[in-house]
Amino acid sequence: MKIRFALGQPLRSLLAMALVPAALIASPLALANDKVVLLTSWYAQAEQGGFYQALADGLYEKEGLDVTIRMGGPQVNGMQLLLNKQADFIVNYDLQILKSVEQGLPVVAVAAPFQGDPQGLLTHADVSGLDALQNKQVLVSTSGQQTWWPWLKEKYQLKDSQARPYTFNLQPFLANANTTQQAYASSELFQALKAGEKANFFPFCRRRLPALRLDPGHSPGCDRSTSGSGPALCSRLDGGLEALPRQPERQPPDQGRQPEHER
């Protein structure tokens with residue numbers, strides 16, 4: 001499937017808080033946790049487990065946050081919902097956030113929970129590297145057309161005519177030996193191997209996809225109105241994730257030969 005964070009509306013005015021009568025500060029209402037809506041990029045899955053675990057363990061609550069996690073999906077436009085104040089944080093890709101900033105949209109990346117992006121290209125066993133795709137079809141999602149596909153196309157001299165829509169269904173890949181597709185190491189690769197396919201997987205982060213070196217994986221983000229009025233809110237959400245037990249640093253599996261010029 002196809003992990004970034006982005007923020008939406010200001011959740012609390014610091015000026016308004018300063019004007020609250022002192023008698024109310026000690027009241028239950030004044031001590032209520034700040035409500036936060038976090039929109040993920042996909043249905044609940046392993047890559048987003050940390051967000052759900054932090055909620056289950058009460059780590060957000062310890063930071064004074066009342067977090068509601070809403071699932072994304074293939075028909076959910078997270079950036080649009082963020083800008084329309086329907087979510088306070090969204091999980092999004094680094095390149096999408098950079099593209100939004102380039103277009104003048106008021107969004108900010110606030111965290112990068114992954115050590116590296118698990119996204120890459122899933123191929124059949126005959127493909128030995130990303131430099132061997134000239135005669136292959138490449139299944140690309142709508143978001144991929146604006147993020148990793150321009151980089152892949154330029155780096156390996158591919159053509160737009162090779163790109164086909166990716167509908168988050170593995171069957172076209174399994175049915176056509178001439179097809180490759182975008183994938184996650186923890187999702188589509190696992191499904192392909194489970195189906196008995198001898199597949200190779202080439203993670204983009206090993207091939208120097210530019211933005212991924214700056215802001216790996218799926219990054220939490222928000223719009224500037226939220227980050228500008230309440231920077232502590234971002235820190236508290238991030239603090240909930242930081243409290244989770246740390247996992248040993250691992251790189252996504254890289255199957256198949258890696259050409260000398262890519263090492």
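This is a short tour of the structure you have open, with a suggestion of what to select at each stop.

**The whole chain**

Start with everything shown as a cartoon, and keep in mind that this is a predicted model. You should find 13 helices and 11 strands in the protein. Of its 263 residues, 48% are buried. Switch on a surface if you like: the accessible area comes to about 13100 Å², and carbon and sulfur atoms account for 54% of that.

**Colour by confidence**

Next, colour by pLDDT. The average for the protein is 76, and 69% of the residues score at least 70. Which elements have the lowest and the highest confidence? Helix H1, residues 14-19, is at the bottom with a mean of 32, while strand E7 is at the top with 98.

Now select residues 1-30, where pLDDT stays under 50. The model still gives this stretch 112 contacts beyond four places in sequence. Residues 257-263 also have pLDDT below 50, and they make 19 contacts in the model beyond near neighbours in sequence.

**The five-stranded sheet**

Select strands E6 to E10 together. They form an open sheet in the order E8-E7-E9-E6-E10, with mixed pairing. Which strands stand at the edges? They are E8 (163-165) and E10 (199-203); each has a single partner strand, so one side of each lacks a neighbour in the sheet. Look across the sheet and you can follow the turn between neighbouring strands, which is 35 degrees on average with direction ignored.

Then zoom in on E6 (residues 119-124) and E10. These two run antiparallel and are joined by 5 bridges. Two places to click are Gly-120, whose bridge partner in E10 is Pro-203, and His-124, which stands opposite Ala-199 in E10.

Add helix H8, residues 148-155, to the selection. This helix packs on the sheet and touches E6, E7 (137-140), E8 and E9 (179-184). The direction of H8 makes about 160 degrees with that of E7.

**An edge strand under cover**

Keep E10 selected and show its side chains. Is this strand buried or exposed? All 5 of its 5 residues are buried, so E10 is largely enclosed by the rest of the structure. In a regular strand, side chains alternate between the two faces of the sheet. Here, Ala-199, Phe-201 and Pro-203 lie on one side, Asn-200 and Phe-202 lie on the other, and all of them are buried.

**Aromatic rings**

Now show the aromatic side chains. Across the whole structure there are 7 aromatic pairs. Pick Trp-151 and Tyr-156: their ring centres are 6.4 Å apart and their planes meet at 90 degrees, so this pair is edge-to-face. Both Trp-151 and Tyr-156 are buried. Widen the selection to Trp-148, Trp-149 and Phe-204, and you have the cluster that ring pairs make from these residues together with Trp-151 and Tyr-156.

**Last stop: Thr-68**

Finally, centre the view on Thr-68, which sits in strand E3 (residues 65-70). Thr-68 is partly exposed, with a relative accessible area of 36%. Which residues does Thr-68 contact, leaving aside its neighbours within four places in sequence? They are Val-36, Val-37 and Leu-38. For a distance to check in the viewer, try Thr-68 to Leu-39: the C-alpha atoms are 8.4 Å apart, although 29 residues separate the two in sequence.

Conventions. Residues are numbered from 1 along each chain as its sequence is written. This is a predicted model: local features need pLDDT of at least 70, side-chain atom pairs count only at pLDDT 80 or more; totals for chains, interfaces and linings use all residues. Side-chain values use heavy atoms; hydrogens and water are left out. Helices (H or I, at least four residues) and strands (E, at least two) are DSSP runs, numbered from the N terminus. Buried means under 20% relative accessible area, exposed over 50%, partly exposed in between (1.4 Å probe, protein chains only). Accessible areas come from the Shrake-Rupley method with a 1.4 Å probe; for residues, only the protein chains shown count as cover. Two strands pair if DSSP finds at least two bridges between them. Axes are lines fitted to C-alpha atoms, for helices over the stretch in contact, and angles run from 0 to 180 degrees between N-to-C directions. Contact means heavy atoms within 4.5 Å. pLDDT is the predictor's confidence in each residue, from 0 to 100. Rings of Phe, Tyr and Trp (its six-membered ring) pair if their centres lie within 6.5 Å; planes under 30 degrees apart count as stacked, over 60 as edge-to-face and the rest as tilted.
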